[in-house]
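User: I have a structure with a ligand in it. Can we go through the ligand's surroundings step by step?

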Amino acid sequence: MGKLVVLAVLASLLGAVSCELSLSLSIIYKLYGYTTPGLRPYPIRPPSSAPSATQLQVGYYAKNTTCPKAEEIVRNAVRNASPGIQAGLIRLFFHDCFIRGCDASVLLNLTSDGIPTERQGGPNLSLRGFEVIDAAKEALEALKECKGVVSCADILAFAARDASYILSDGYINYDVKAGRYDGFKSNASETFEELPPPFGDLSVTTAMFAAKGLDEKDTVVLSGAHSIGRSACSSFNTASIEPVLGNKLNQTCGIPVNGATTVPQDYKTPDELDVQYYRNVQSGAALFNSDASLMTSPRTKELVDFYAANSLLLGFIFGETQWYKDFGKAMVKMGDIEVKTSKEGQIREKCALVNPPPSPPPPPMPY
Ligand code: HEM
């Protein structure tokens with residue numbers, strides 16, 4: 001009898017382990033882009049305009065320019081910022097890359113055609129962190145060897161990486177390729193056309209990511225940035241949030257909603273860039289419809305569940321560690337969107353303005 005009980009316990013343990021193992025393996029296969037029999041691969045949609053990031057290089061400023069301290073100077077500026085502003089820097093990078101590629105068009109206050117810039121577009125009015133980019137740029141321009149060398153687009157890419165590192169306690173740690181040039185144009189109306197809306201469902205969000213060369217997995221992975229920072233009350237609807245949190249948010253936001261009031265995006269660990277976001281999505285406690293809608297398709301739900309679960313595979317905490325890695329990879333991929341070369345852009349002197357045109361040559365001296 002005793003032997004039978006031991007055997008039964010052993011058999012059930014083996015069953016549980018193999019079940020966990022096969023589930024985890026199917027997810028691992030998917031995460032690395034392999035297909036297994038019976039599993040559908042993630043759709044690969046070609047981007048509307050292919051990223052042209054081949055000229056970018058890790059360590060670009062140390063290898064090719066007179067400004068080897070570029071990354072260090074940006075890191076120091078980001079370190080001095082508050083967690084909220086650091087969150088803002090990650091969002092700034094996303095909003096930059098989604099409109100006209102990662103070319104610092106989001107930083108412009110004024111262009112030569114005089115039309116309102118992205119910065120003045122509705123979805124961008126709540127962006128923050130500009131002063132950190134300006135401080136880094138100013139520190140760089142003050143150094144003789146760095147003057148006119150480091151693009152604002154690269155400063156933003158470095159700053160988003162450094163903010164991710166700090167807010168994840170060092171778990172998100174990836175190399176940033178650099179060598180981007182800054183664009184000349186910026187148009188407020190494009191903010192509505194190119195940026196995904198918070199009330200959009202999964203098909204809207206994934207289509208807008210696909211238009212930038214980012215797939216469904218990138219969409220799920222990058223949405224994890226909603227584990228930090230804040231949101232205005234006007235950006236979400238408490239009716240679709242689970243009731244306990246929904247009621248708390250109603251108290252803070254007021255009825256009717258005071259659109260200007262803000263709340264933390266992640267009510268549990270507001271300043272930690274971590275997988276709590278996926279647990280919030282599972283429990284209906286994420287703010288936006290775009291977040292909640294990740295549970296509406298089997299493929300995106302599977303990823304949410306995987307990152308949230310912290311499944312133990314052979315003693316290794318898998319979901320969380322994998323998300324930190326995937327987030328870094330997806331940020332690198334986002335940083336490749338429609339990058340400009342020296343022919344299509346410039347190195348701005350001030351990040352909010354395109355450089356003044358070179359002064360015309362002096363008139364010939366009269367004899
Ligand atoms: C999936 C589509 C996305 C939608 C619909 C969306 C929408 C929003 C909205 C509406 C806010 C709050 C703005 C406000 O009311 O103040 C916000 C905040 C934020 N988003 Fe997203 N977002 C998306 C994807 C992303 C991505 C890809 C990232 C970065 C990788 C990101 C990073 C952030 C951060 C860090 C904040 C907080 C900013 C702060 O505290 O200043 N979002 N997002």
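User: How far is an oxygen atom of the ligand from an N or O atom in the side chain of Ser 126?
Analyst: Keep in mind that this is a predicted model. A polar contact is a pair of N or O atoms within 3.5 Å. The pair formed by a ligand oxygen and the side chain of Ser 126 is at 3.2 Å.

User: Which side chain has a polar atom 2.7 Å from an oxygen atom of the ligand?
Analyst: Look among the residues closest to the ligand: Arg 128, His 226, Arg 230, Ala 232 and Ser 235. The side chain at 2.7 Å from a ligand oxygen belongs to Ser 235.

User: Which residue is the only protein donor of the iron atom of the ligand?
Analyst: Start in the loop between helix H9 (216-223) and strand E3 (230-232). A residue there has a side-chain N or O atom 2.9 Å from a ligand nitrogen. Its NE2 atom is 2.1 Å from the iron. The donor is His 226.

User: What space does the ligand take?
Analyst: One pocket holds about 960 Å³ of space. Its lining has 37 residues, and those closest to its centre include Arg 91, Phe 94 and His 226. The ligand takes this space, the largest pocket.

User: Which element gives the most to the shell around the ligand?
Analyst: The shell has 12 nonpolar, 10 polar and 3 charged residues. H4, H8, H9 and E3 each give two or more residues to the shell. One helix also gives the most to the pocket lining, with 7 residues. With 5 residues in the shell, the top element is H4.

Technical notes. Residues numbered from 1 in each chain as written. Predicted model: local features only at pLDDT ≥ 70, side-chain atom pairs only at ≥ 80, totals over all residues. Heavy atoms only, no water. Donors = N, O, S within 2.8 Å, 3.2 Å for Na, K, Ca; no water. Helix = DSSP H or I, 4+ residues; strand = E, 2+ residues; numbered from the N terminus. 1 Å grid on protein atoms, 1.4 Å probe; cavity = no way out; pocket = protein on both sides within 12 Å on 5 of 7 lines; lining within 4 Å. Points joined across faces, edges and corners; volume = space filled by probe spheres on them. Near = heavy atom within 4 Å. Polar contact = N/O pair within 3.5 Å; in protein donor to acceptor, adjacent residues only side chain to side chain. Sits in = over half its atoms within 2 Å of the grid points. Nonpolar A, V, L, I, M, F, W, Y, C, P; charged D, E, K, R; others polar.
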